[in-house]
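Here is a relaxed walk through some side-chain contacts and a helix packing. Have the structure open while you read.

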Amino acid sequence: MTHPSDFLVGVRLALRARYLCLSGCSLLVLALSVLLAAQFSGRQPGTVALDVGLSVMRLLLPLVLVLMTQELVSREFDRRYFLNTLSYPHPRHSLLLGRFFAIAVLTLGLLMVLAGALALLVHLVGQGYAQSTPVALGHQYLVTVGFIGLDLLVLTAIATLLAVVASTPSFVLIGTFGFMLIARSFGAIVELLSRNAAVVGDAETYRSSVGLVGYLLPDLGALDVRMIALYGRMDLLPPDWPWLVLSNIAYTIGLLGLAVWALQRKRFA
């Protein structure tokens, strides 16, 4: 279990690290992207605005959580703050889990703010034109945002692990975004090769090789279920979504356990 003071210290450090400034900039970028994107579609402005807005959120929020992880975890070792924090009478895993929960709560809180702002902007954009297939901002939208939140939890866990084992804070950024890029794309590549074998030579061997990644990484690309909100059809939700949710939660717990184990065995000079 984590000590409440570790969580509160993590929140305070994030606020000092200009979390509010990052949040404000993220909100501004989202608003500008959505409003400008809606101008490029005369027939489906709401759909285009929602699609672009979700893409911006899935790009900006990982950047925010990586920057917060660098400040709350990596800097702890880089600036030798551990000489003070680890001297208190509570275990190391309490410190790590407290920082993880602080990052997760702040990231998910920002997700809710951006999701609310996006829904408002899409509603305003859609008032000027009645689409034949209107977007769904009800429970379909909430499910879509929930899956994005699960995606962010996995990325927060991998960023925390990298912050513990990496020697430089910059590796947290590179490693987390590299992990995100591979985990979000390999599923789509396998599906593309299954449907169109003429894309590359010896597609079956290539597909099998890429498919091996699925045994090591979660399929974060499958967590992008925006189609149910864009077209208001819950039948577009993957049929194996319960397994998808449970597997990603288990992967997050496994990464956290590995991070705690690495911190317990970490030797400080």
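Arg-58 and Asp-224 form a salt bridge, with 3.9 Å between the closest N and O atoms. Arg-58 sits in helix H3 (residues 45-78), while Asp-224 belongs to the loop between helix H8 (203-211) and helix H9 (227-231), so this pair ties together parts that are 166 residues apart in sequence. Keep in mind that you're looking at a predicted model.

Are these two partners buried or exposed? Arg-58 counts as buried, because its relative accessibility is 8% and the cut-off for buried is under 20%. Asp-224, at 28%, counts as partly exposed. The pair isn't on its own, either: Asp-51, Arg-58, Asp-224 and Arg-226 are linked in a network of salt bridges.

How many salt bridges does the structure hold? There are five. Here are some of them side by side:

| Salt bridge | Closest N and O atoms |
|---|---|
| Arg-58 with Asp-224 | 3.9 Å |
| Asp-151 with Arg-184 | 2.8 Å |
| Arg-233 with Asp-235 | 2.7 Å |

Take Asp-151 and Arg-184 from that table, which meet in a salt bridge with 2.8 Å between their closest N and O atoms. Asp-151 is in helix H6 and Arg-184 in helix H7 (residues 170-195), so the salt bridge links distant parts of the chain, 33 residues apart. Both Asp-151 and Arg-184 are buried.

Arg-233 and Asp-235 also join their side chains in a salt bridge, at 2.7 Å from N to O. Arg-233 is partly exposed, with 42% relative accessible area. Asp-235 has 52%, and it counts as exposed because the cut-off is over 50%.

Back to helix H6, this time for its packing. H6 (residues 139-165) packs with helix H10 (residues 241-265) at an angle of about 20 degrees, and their axes are 9 Å apart. That angle makes H6 roughly parallel to H10, because anything under 35 degrees counts that way. The two helices cross in a left-handed way. What sort of residues make up the contact of H6 with H10, by class? It has 20 nonpolar residues and two polar ones, with no charged residues.

Last up are the aromatic rings. The structure holds two aromatic pairs. One of them is Phe-100 with Phe-101, an edge-to-face pair with 5.5 Å from centre to centre and 65 degrees between the planes. Phe-100 is buried, with a relative accessible area of 4%, whereas Phe-101 is partly exposed at 38%.

Definitions and conventions
Residues numbered from 1 in each chain as written. Predicted model: local features only at pLDDT ≥ 70, side-chain atom pairs only at ≥ 80, totals over all residues. Heavy atoms only, no water. Phe/Tyr/Trp six-rings, centres within 6.5 Å; stacked < 30°, edge-to-face > 60°. Buried < 20%, exposed > 50% of the residue type's maximum accessible area, 1.4 Å probe, protein only. Axes fitted to C-alpha atoms, helices over the stretch in contact; angles between N-to-C directions. Helix = DSSP H or I, 4+ residues; strand = E, 2+ residues; numbered from the N terminus. Parallel < 35°, antiparallel > 145°, perpendicular 65-115°, else oblique. Left-handed = near helix turned anticlockwise from the far one by under 90°. Nonpolar A, V, L, I, M, F, W, Y, C, P; charged D, E, K, R; others polar. Salt bridge = Lys/Arg side-chain N within 4 Å of Asp/Glu carboxyl O.
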